[in-house]
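Visitor: Please walk me through this model. I will ask short questions and would like short answers.

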Amino acid sequence: MWKVWPINLKKTRISLVGLVGLLLVFLTTTGFVQPNIEDHAHILNKETKTLITEKNNRYFQTKEQPQISVITVKRLNKLTPEALNRTKRSVFIVVGQKGKKRNVQIFSTKDLHGTFTADARTNIIRAEVDKLHSQDNATFNEGLRFVFRACATKVDQQYQYALDKYDLSSSEQDKISHPHRVALPIALALAFLIVGIVYVLRRFGRNNYNSRN
């Protein structure tokens, strides 16, 4: 009986090691080791949270393991995340909310500065600015998902990952690469409107002048 005890103890140790390993794998694949969602302002809906979780779970399976976190806070300024200077290969999308106002900003760690330049970050947000200014939470979340997917597309291109269903389509990428194309129809419409108003005013002025004479 005494000879069996060390063998059982050894098996118990192996079982414990196996359970700990399985637990670590579970925590890693489900994203609990490094949470990517901090919704302090209670803005994010289920669809947005699912997108964030599923895309980051894919990143956990890569060698580089980049991460894209979404954080919401109850203020409009001082949005720089605390973990920005302590991490690598990370992007942070921070949403500040105070009253009916919201402020969306994108931050990246130093190793991704070349990809997420000031112009790149501005163009991403500008592409969906109307939805990001919407008071309707579902519409806002739609715009926020575009911002997340745009950041994911740039991360995938940076590390040469194959693009997947979470990335932007070619037409959606054009909205970021050529932001002026989006504004061009609006500018043309305004130009035609101004020309029309000037024409009407001039004609009205001439008619008044002729009636007086």
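The questions below go through the fold, the sheet, the helix packing and some single residues.

Visitor: How many helices and strands are in the chain?
Guide: This is a predicted model. From the N terminus on, the elements run α-β-α-β-β-β-α-α-α-α-α. That gives seven helices and four strands.

Visitor: What share of the residues counts as buried?
Guide: The chain has 213 residues. Buried here means under 20% relative accessible area. The share that counts as buried is 34%.

Visitor: Which strands stand at the edges of the sheet?
Guide: The sheet is open, with mixed pairing and the strand order 1-2-3-4. An edge strand has a single partner, so one of its sides is left without a neighbour in the sheet. The edges are strand 1 (37–39) and strand 4 (101–108).

Visitor: What is the average twist from one strand to the next?
Guide: The order of the four strands is 1-2-3-4. From each strand to the next, the twist averages 10 degrees.

Visitor: Which residue in strand 2 stands opposite Glu-38?
Guide: Strand 1 pairs with strand 2 (residues 67–73) over three bridges. The sense of this pairing is parallel. Opposite Glu-38 stands Ile-71.

Visitor: Which residue in strand 4 is the bridge partner of Gln-97?
Guide: Strand 3 and strand 4 are paired over eight bridges. Their sense is antiparallel. The bridge partner of Gln-97 is Arg-102.

Visitor: Which residue takes a positive phi in the hairpin of strand 3 and strand 4?
Guide: The hairpin has two residues between its strands. A phi near 65 degrees occurs there, and the residue is Gly-99.

Visitor: At what angle does helix 5 run to strand 3?
Guide: Helix 5 (residues 137–158) lies across strand 2, strand 3 (90–98) and strand 4. Its angle to strand 3 is about 160 degrees.

Visitor: How far apart are the end C-alpha atoms of helix 5?
Guide: Helix 5 has 22 residues. At 1.5 Å a residue, these should span 32 Å. The model agrees with this, because the end C-alpha atoms are 31 Å apart.

Visitor: Are helix 2 and helix 5 roughly parallel or roughly perpendicular?
Guide: The axes of helix 2 (residues 46–60) and helix 5 come within 10 Å. They cross at roughly 10 degrees. Angles under 35 degrees count as roughly parallel. Helix 2 and helix 5 are therefore roughly parallel.

Visitor: How many residues in the contact of helix 2 with helix 5 are nonpolar?
Guide: Leu-51, Ile-52 and Tyr-59 are among the helix 2 residues that meet helix 5. On the helix 5 side, they include Leu-144, Phe-148, Ala-152 and Val-155. Three residues of the contact are polar and five are charged. The nonpolar count is seven.

Visitor: Are helix 5 and helix 6 roughly parallel or roughly perpendicular?
Guide: Helix 6 (residues 170–177) packs on helix 5 with the axes 11 Å apart. The angle is about 95 degrees. The range from 65 to 115 degrees counts as roughly perpendicular. Helix 5 and helix 6 are therefore roughly perpendicular.

Visitor: Which residues in helix 6 meet helix 5?
Guide: Helix 5 brings Phe-146, Arg-149, Ala-150, Thr-153 and Gln-157 to this contact. By class, the contact has three nonpolar, three polar and three charged residues. The helix 6 residues are Glu-172, Gln-173, Lys-175 and Ile-176.

Visitor: Is Val-155 buried or exposed?
Guide: Val-155 belongs to helix 5. Beyond its neighbours within four places in sequence, Val-155 is in contact with Tyr-59, Pro-66, Ile-68, Val-91 and Phe-116. Its relative accessibility is 1%, so Val-155 counts as buried.

Visitor: What distance separates the C-alpha atoms of Val-155 and Thr-115?
Guide: Val-155 and Thr-115 are 40 residues apart along the chain. Their C-alpha atoms are separated by 7.9 Å.

Visitor: Is Gln-65 exposed or partly exposed?
Guide: Gln-65 lies in the loop between helix 2 and strand 2. Its phi is positive, near 50 degrees, although the residue is not glycine. Its relative accessible area is 37%, so Gln-65 is partly exposed.

Visitor: Is Gln-160 buried or exposed?
Guide: Gln-160 sits in the loop between helix 5 and helix 6. Just after helix 5, Gln-160 takes a positive phi of about 60 degrees. Its relative accessibility is 73%, so Gln-160 counts as exposed.

Note on methods: Residues numbered from 1 in each chain as written. Predicted model: local features only at pLDDT ≥ 70, side-chain atom pairs only at ≥ 80, totals over all residues. Heavy atoms only, no water. Pairing = 2+ DSSP bridges. Axes fitted to C-alpha atoms, helices over the stretch in contact; angles between N-to-C directions. Contact = heavy atoms within 4.5 Å. Parallel < 35°, antiparallel > 145°, perpendicular 65-115°, else oblique. Nonpolar A, V, L, I, M, F, W, Y, C, P; charged D, E, K, R; others polar. Buried < 20%, exposed > 50% of the residue type's maximum accessible area, 1.4 Å probe, protein only. Expected span 1.5 Å × (residues − 1).
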